[in-house]
Amino acid sequence: MTQFVLVHGAWHGAWCWVRVLPLLRAAGHAAHAVTLTGVGERAHLLSADIRLGTHFRDVLNLIACEELDDVVLVGHSYGGIVITGVAAALQRERPGLLRHLVYVDASAPHSGESWSSPHRPEVVAARVAAGRKSGGVSFPPPDAAVFGLTGADRDWVNRRMTPQPFGLYQDPLEFDEAAVARLPRTFIDCIEPAFPNIAAMRLRVRAEPGWRVIELATGHDAMVSAPRELATALLGCAAGAAREAR
């Protein structure tokens with residue numbers, strides 16, 4: 001049995017996986033969704049002190065407290081930075097625990113890069129300005145339409161998104177790239193419509209060795225707009241991980 005750990009992107013929370021979790025569990029797997037400090041139902045903890053390490057510890061604590069192994073670690077959007085940092089820590093401290101890393105339209109950093117590194121200058125400037133206006137605490141969510149959502153799905157996500165902690169936006173992530181690269185890695189590219197902030201990552205994973213790429217004909221928030229297709233892709237990653245473990 002594979003144990004999925006799902007990590008959301010910016011402004012979201014564990015709530016965004018509600019349509020995917022039952023599909024993974026119905027296939028006979030365990031599935032856990034973590035809410036990172038400062039957003040979702042943990043928005044009351046929002047502060048300027050939240051850094052990348054805070055979010056790494058959120059995920060590492062869930063894995064430890066649930067005593068998980070054979071983990072497929074999934075990160076959406078900003079969550080790609082988080083799962084990379086978590087993977088680096090686990091490869092150092094508990095090698096063999098992770099079976100597969102899945103980046104869902106996500107940041108796939110090199111060592112020394114930050115979440116902001118691949119963003120267009122105007123995006124960085126706007127977020128930095130908003131963060132400074134908040135006193136270094138946060139920047140507000142966009143309209144969910146930018147994720148390709150419409151109608152009830154757009155309204156549902158807009159109601160639930162909360163400001164994103166700002167302190168971690170430009171934090172560089174230093175990690176052992178070779179250790180992380182030893183893990184199977186899949187990038188799920190959501191192409192209809194393609195989210196501009198992920199453009200650099202799309203090019204990167206196609207140019208570098210070691211990546212498997214799956215395209216989904218949906219927008220950035222695939223867990224909302226195409227949960228069944230996303231679950232199928234994740235189950236395929238689990239099956240591949242099981243074969244490689246034998």
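The dialogue below walks through several features of a predicted model.

Colleague: Where should I begin with the sheet, and in what order do its strands lie?

Modeller: The general idea is that strands of a sheet pair through backbone hydrogen bonds, either parallel or antiparallel. In this predicted model, six strands form an open sheet in the order 2-1-3-4-7-8, and their pairing is parallel. At the edges stand strand 2 (30-34) and strand 8 (211-216), and because each has a single partner strand, one side of each is left without a neighbour in the sheet. On average, neighbouring strands of this sheet are turned by 20° against each other, direction ignored.

Colleague: How many bridges join strand 1 to strand 2, and which residue is the bridge partner of Val-5?

Modeller: Strand 1 (residues 3-7) runs parallel to strand 2 and is joined to it by five bridges, and the partner of Val-5 in strand 2 is His-32. Further along the sheet, strand 3 and strand 4 also pair in the parallel sense, over six bridges, with Val-74 standing opposite Val-102 in strand 4.

Colleague: Why is strand 2 described as largely enclosed?

Modeller: Here the reading rests on the accessibility of the residues: four of the five residues of strand 2 are buried, so the strand is largely enclosed by the rest of the structure. The reasoning for strand 4 is similar in form, since six of its seven residues are buried and strand 4 is therefore largely enclosed as well.

Colleague: Which strands does helix 3 touch where it packs on the sheet?

Modeller: Helix 3 touches strand 1, strand 3 (71-76) and strand 4 (98-104), and its direction makes about 150° with that of strand 3. Elsewhere, helix 7 (residues 199-207) lies across strand 7 (185-190) and strand 8, running at about 140° to strand 7.

Colleague: At what angle do helix 2 and helix 3 cross, and which residues meet there?

Modeller: The axes of helix 2 (residues 52-65) and helix 3 come within 9 Å and cross at roughly 60°, and the crossing is right-handed. On the helix 2 side, Leu-52, His-55, Phe-56, Val-59, Leu-60 and Ile-63 take part, and they meet Ile-81, Val-82, Gly-85, Val-86, Ala-89 and Leu-90 of helix 3.

Colleague: Val-59 appears in that list; what is Val-59 in contact with, beyond its neighbours within four places in sequence?

Modeller: With those neighbours left aside, Val-59 is in contact with Val-5, Val-7, Val-34, Leu-36, Leu-73, Val-82 and Val-86. Val-59 is also one of the residues with the most contacts inside the largest nonpolar core, a set of 82 residues in which Leu-73, Leu-230 and Leu-234 are named alongside Val-59. Helix 3 (residues 79-93) gives the most to this core, with eight residues.

Colleague: How many disulfides are there, and why do Cys-16 and Cys-190 not form one?

Modeller: In general, a disulfide is a covalent bond between the sulfur atoms of two cysteines. The count for this model is zero, and for Cys-16 the closest cysteine sulfur, in Cys-190, is 12 Å away, which is too far for a bond because the cut-off is 2.5 Å. As for their surroundings, Cys-16 counts as buried at 1% relative accessibility, and Cys-190 counts as buried at 0%.

Colleague: Is Pro-163 buried, partly exposed or exposed, and where is Pro-163 found?

Modeller: Pro-163 is found in the loop between helix 5 (151-160) and strand 6 (164-165), and at 32% relative accessibility Pro-163 counts as partly exposed. Neighbours within four places in sequence aside, the contacts of Pro-163 are Trp-11, Gly-38, Val-39, Leu-46, Ser-138, Phe-139, Pro-140 and Pro-141.

Colleague: Then is Pro-165 buried or exposed, and which residues is Pro-165 in contact with?

Modeller: Pro-165 has its place in strand 6 and is buried, with a relative accessible area of 0%. Leaving aside neighbours within four places in sequence, Pro-165 is in contact with Thr-37, Gly-38, Val-39, Leu-46, Ile-50, His-55, Val-137, Ser-138 and Phe-139. Gly-210, by contrast, is 45 residues from Pro-165 in sequence and 32 Å away in space, C-alpha to C-alpha.

Definitions and conventions:
Residues are numbered from 1 along each chain as its sequence is written. This is a predicted model: local features need pLDDT of at least 70, side-chain atom pairs count only at pLDDT 80 or more; totals for chains, interfaces and linings use all residues. Side-chain values use heavy atoms; hydrogens and water are left out. Helices (H or I, at least four residues) and strands (E, at least two) are DSSP runs, numbered from the N terminus. Buried means under 20% relative accessible area, exposed over 50%, partly exposed in between (1.4 Å probe, protein chains only). Contact means heavy atoms within 4.5 Å. A nonpolar core is a set of buried Ala, Val, Leu, Ile, Met, Phe, Trp, Tyr and Cys residues joined through side-chain atoms within 4.5 Å. Two strands pair if DSSP finds at least two bridges between them. Axes are lines fitted to C-alpha atoms, for helices over the stretch in contact, and angles run from 0 to 180 degrees between N-to-C directions. A crossing is left-handed if the near helix is turned anticlockwise from the far one by less than a right angle, and right-handed if clockwise.
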